[in-house]
Amino acid sequence: MPETVVANDDFKRIVDTSDEWISTRTGISTRHFSSEPTWRMGAKAAKAALEQGKIDPEEIDLIIGTTITNDYATPSMACLVQGAVGAKNARAFDIGAACSGFVYAMDLASRLLADGEIRKVMVVSAERLSKITDFSRRESCVLFGDGAAACIVEKGDSPAYSYLKSDGTQGGMLYAHNPDRGANPFVPEFSLEGEFPEPESHAVQMDGKEVYKFSTRAMPEAVSEVCRKAGISPEELDWIIPHQANIRIMATAAKALGISMERIAANISRVGNTSSASIPICMDEMNRAGRLLPGQWVCLVGFGAGATYGAVLLRW
Ligand code: UT7
């Protein structure tokens with residue numbers, strides 16, 4: 001996590017808000033903001049993961065980056081991380097699945113590991129959402145934070161299960177434009193008329209209520225379906241580690257699934273919404289705290305722009 005910590009009360013200086021509103025509507029108390037490029041946050045997380053696993057960077061066969069806030073249109077964040085950590089035997093690329101990025105990457109990693117040629121995959125999720133946050137809009141600026149996490153995945157003894165979905169008709173509820181990269185002298189200027197409204201900035205545009213409704217449907221569906229694939233019931237899960245968007249979304253989904261909030265891992269109060277980095281940041285905290293134990297059923301569930309959603313079920 002970046003060092004700068006900003007509390008709810010600090011937002012009173014820039015927008016008409018209160019700690020009471022933010023904490024009761026979202027569960028967020030503080031978030032971290034970074035002054036570093038996204039890829040460098042990702043590289044730090046990748047180095048920490050390699051050290052923790054005592055893994056030589058040259059053993060990594062593939063790096064999958066997940067981010068909606070890459071510093072460059074190209075190269076990918078994954079390639080920049082590869083160069084920084086010296087993973088010279090890896091192939092590297094980013095995927096774009098917004099807040100579901102980590103879940104999508106874990107599904108992909110598991111399928112590629114099954115093939116046999118790739119033995120170690122590093123998933124790096126890094127987000128500097130403050131780059132695409134409009135700090136004059138109180139309904140969104142209080143939600144987001146920056147952060148990064150990485151994990152190294154190998155083929156294990158028990159299978160991983162996954163259930164991934166997208167609904168491309170719902171893109172307009174949560175989107176951000178790329179910055180204009182200059183006009184083409186050979187063709188007339190075009191607009192995105194008929195697509196998502198062109199905003200004045202490239203900040204995140206969000207219909208909070210629609211995202212809320214979608215998320216509270218998507219999360220229970222993804223968890224139930226991935227459990228069905230594994231032949232277990234949601235009550236048998238030891239942990240659900242959800243995308244950290246709003247504590248009320250997690251509570252509503254837990255209720256729909258008939259699961260106690262004690263089994264929902266949540267660190268949103270300290271870190272806010274860090275998009276694709278939120279699940280692995282929370283997973284790392286749980287792991288370091290010794291709360292993830294061998295043999296436990298751990299379900300990772302994400303949802304976000306696209307719309308995308310999905311769950312991965314692992315036997316820890
Ligand atoms: O990764 C996915 C990213 N996005 C999300 O997860 C967002 C999902 N949506 C949500 O979490 C919630 O919809 C929000 C937290 C964004 C909003 O909560 P809400 O309970 O749906 O509030 P609301 O939009 O109905 O707004 C209620 C009131 C409004 O005032 P009026 O019209 O009732 O006078 C807003 O203007 O709260 C006002 N409001 C605020 N007041 C103080 C909106 N933002 C703030 C704020 N401080 N920061």
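## Notes on a predicted model, for a colleague

1. Let's start with overall size. A compact globule of 316 residues would have a radius of gyration near 20 Å, and the protein agrees with that at 19 Å. Please keep in mind that this is a predicted model. Along the principal axes, the C-alpha atoms fill a box of roughly 55 × 45 × 40 Å.

2. The secondary structure consists of nine helices and 12 strands. Of the contacts between residues at least 6 apart in sequence, 74% join residues at least 24 apart. Several of the sites below give examples of contacts made by individual residues.

3. On the surface and the charges: 50% of the 316 residues count as buried. The accessible surface comes to about 15100 Å², and carbon and sulfur atoms account for 49% of that area. There are 32 positive and 40 negative charges, and their mean positions are 4 Å apart.

4. Now to helix H1, which spans residues 19-26 and includes Thr26. Is Thr26 buried or exposed? Its relative accessible area is 2%, under the 20% cut-off, so Thr26 counts as buried. A polar atom of the Thr26 side chain lies 2.5 Å from the backbone oxygen of Ile22. That is a distance you may want to look at in the viewer. Leaving aside residues up to four places away in sequence, Thr26 touches Leu143, Asn246, Ile247 and Ile268.

5. The loop between strand S3 (62-66) and helix H3 (77-85) holds Pro75, and Thr69 is found in that loop too. The peptide bond from Thr74 to Pro75 is cis, with omega near 5°. Thr69 is buried, at 2% relative accessibility. What does the side chain of Thr69 pair with? A polar contact of 2.9 Å joins it to the side chain of Glu127. Glu127 is also one of the residues that Thr69 touches, along with Thr38, Ala126, Arg128, Leu129, Lys131 and Ile132, when residues up to four places away in sequence are not counted.

6. A second cis peptide bond deserves a look: the one from Gly306 to Ala307, with omega near -10°. Ala307 sits in the loop between strand S11 and strand S12 (308-315).

7. Two residues other than glycine have a positive phi. Phi is near 50° for Lys54, and phi of Ser275 is near 50° as well. Lys54 is placed in the loop between helix H2 (38-53) and S3, while Ser275 is in the loop between helix H8 (268-271) and H9. Their surroundings can be set side by side: Lys54 counts as exposed at 75% relative accessibility, whereas Ser275 counts as buried at 1%.

8. Helix H9 (residues 278-288) comes after that second loop. Its buried residues are Ser278, Ile279, Pro280, Ile281, Cys282, Met283 and Met286. Which elements help to cover them? The cover includes helix H4 (101-115), strand S5 (121-128), strand S6 (146-153), strand S10 (239-242) and strand S11 (297-304). Just after H9, Gly290 takes a positive phi of about 70°.

9. Strand S6, part of that cover, contains Ala150. Ala150 has a relative accessible area of 18%, under the 20% cut-off, and therefore counts as buried. Beyond residues up to four places away in sequence, Ala150 touches Ala45, Ala46, Ala49, Val123 and Val124. As a distance to check, its C-alpha atom and that of Leu80, 70 residues apart along the chain, are separated by 14 Å.

10. Last, Gly172 belongs to the loop between strand S7 (161-166) and strand S8 (174-175). With 40% relative accessibility, Gly172 counts as partly exposed. How far is the C-alpha atom of Gly172 from that of Ala183, 11 residues apart along the chain? The separation between these two C-alpha atoms is 25 Å.

Definitions and conventions. Residues are numbered from 1 along each chain as its sequence is written. This is a predicted model: local features need pLDDT of at least 70, side-chain atom pairs count only at pLDDT 80 or more; totals for chains, interfaces and linings use all residues. Side-chain values use heavy atoms; hydrogens and water are left out. Helices (H or I, at least four residues) and strands (E, at least two) are DSSP runs, numbered from the N terminus. The radius of gyration is taken over C-alpha atoms; the globule rule is 2.2 Å times the number of residues to the power 0.38. Buried means under 20% relative accessible area, exposed over 50%, partly exposed in between (1.4 Å probe, protein chains only). Contact means heavy atoms within 4.5 Å. Accessible areas come from the Shrake-Rupley method with a 1.4 Å probe; for residues, only the protein chains shown count as cover. Lys and Arg count as positive and Asp and Glu as negative; His and the chain ends are not counted. The place of a charge is taken as NZ of Lys, CZ of Arg, CG of Asp or CD of Glu. A polar contact is a pair of N or O atoms within 3.5 Å; within protein, one must be able to donate a hydrogen and the other to accept it, and residues adjacent in sequence count only if both atoms are side-chain atoms.
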